[in-house]
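Morning, everyone. I have one structure for you today, and I want to go through the interface and then one of the chains. Please bring it up on the screen.

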Amino acid sequence: MTVPISYYLVLAAVLFSIGAASFLIKRNIITIFMSIELMLNAVNLTFVAFAHMWHQITGQIFVFFVMVVAAAEAAVGLAIIIAIFRTRQTLNVDQVNLLKN
Amino acid sequence: MQLALFIIFGLLAVAGAINFLLQRHPINSALSLVVVMMSLAVLYWSLGAEFLAAAQVIVYSGAIMVLFVFVVMLLNAGEEERTHGSRAAYFAGIPGAAAVFCLLSFVFLTNSKAFGSTDITSHLTHAVNNIAEISQVLFKDLLLPFEVTSILILVAILGAVVLARKEQ
């Protein structure tokens, strides 16, 4: 039995919008970072689905590079979170208001 | 067969994502995100991307999420508390995300015929080709970007060490 490619794309849209919603709703800075990873994963799924659709390998190469950049971003971002926690003693984004006023 | 695979692991991914959204404690969110990534790996495999399925399990669920869980435990992060700003984000975030989802799925479903459909049996007959093709492109045509990623990772590691170091 075959599956339409659009089903995979709709699943990716579901995951992307859940990630966007949790990016806006969550107040914990680590969870906000994780929702960025969820959105990247949803986009990766569309890349793989389109690569399968066109019988091209380029989409899968793109997913590989997205994974590499996501790994680098996670390392730097978590280091920044640790540095912020050390100075402010909080992970709540509402209380990190150094640039306000 | 493939439709059953898609339905089972697609529903598992959506359930994991919704659980990620609803959980208040960061460690529960991280563990449900691991479920999402594992089921996405199965979906990659069903689309004929065996290398990416393995890389998804190793890099995302193995490396990145372990890093997240490690930081959550290092900082001893408790449950997030609701503030005034979070209520406004709640009323703006849910309809906005629903609008994005409706727009995307409308576009995808109206062009459903143009996208065609996938069949796993045609891929399994020459399953080795996928990794061979990727390595051909990655180590021949895209060798310079591939090497640049190693510099990117090195710079990211150095930056993480410098940022997370205790001030003397």
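Polar contacts across the interface of chain B and chain A: the rule finds eight residue pairs, both residues at pLDDT 80 or more. That cut-off matters here, since this is a predicted model. How many salt bridges cross the interface of chain B and chain A? Zero, by the rule.

Now, where does chain B's side come from? Helix 3 of chain B gives the largest share of the side that touches chain A, 14 residues. Helix 3 runs from 50 to 75. Other elements of chain B supply at least two residues each, among them helix 1 (2–22), helix 2 (26–46), helix 4 (84–110) and helix 8 (143–164). Helix 5 (112–115), helix 7 (129–141) and strand 1 (117–118) of chain B also supply at least two each.

What about residue class? The side of chain B that touches chain A has 57 nonpolar residues, 20 polar and six charged.

On to the totals. In contact terms, 83 residues of chain B meet 67 residues of chain A. Together the two chains bury about 6,900 Å² between them. Of that area, 79% is on carbon and sulfur atoms. Which residues of chain B lose the most area to chain A? L47(B), F68(B) and L75(B). Together, those three make up 10% of what chain B's side buries.

There is also strand pairing between the chains. Strand 1 of chain A, residues 3–4, pairs with strand 1 of chain B. The sense is antiparallel, over two bridges. Look at V3(A): its bridge partner in strand 1 of chain B is T118(B).

Last item, chain A by itself. Chain A has three helices and one strand. The order along the sequence is β-α-α-α. Is chain A compact or spread out? Its radius of gyration is 17 Å, and the globule rule gives 13 Å for 101 residues. The chain A value is well over that, so chain A is more spread out than a compact globule. Along the principal axes, the C-alpha trace of chain A spans about 55 × 25 × 25 Å.

That's my part. Over to you.

Definitions and conventions
Residues are numbered from 1 along each chain as its sequence is written. Chains are lettered from A and ligands numbered from 1 in the order in which they are written. This is a predicted model: local features need pLDDT of at least 70, side-chain atom pairs count only at pLDDT 80 or more; totals for chains, interfaces and linings use all residues. Side-chain values use heavy atoms; hydrogens and water are left out. Contact means heavy atoms within 4.5 Å. Buried area is the accessible area (1.4 Å probe) that two parts lose on being put together, summed over both. A salt bridge is a side-chain nitrogen of Lys or Arg within 4 Å of a carboxyl oxygen of Asp or Glu. A polar contact is a pair of N or O atoms within 3.5 Å; within protein, one must be able to donate a hydrogen and the other to accept it, and residues adjacent in sequence count only if both atoms are side-chain atoms. Helices (H or I, at least four residues) and strands (E, at least two) are DSSP runs, numbered from the N terminus. Ala, Val, Leu, Ile, Met, Phe, Trp, Tyr, Cys and Pro count as nonpolar, Asp, Glu, Lys and Arg as charged, and the others, Gly among them, as polar. Two strands pair if DSSP finds at least two bridges between them. The radius of gyration is taken over C-alpha atoms; the globule rule is 2.2 Å times the number of residues to the power 0.38.
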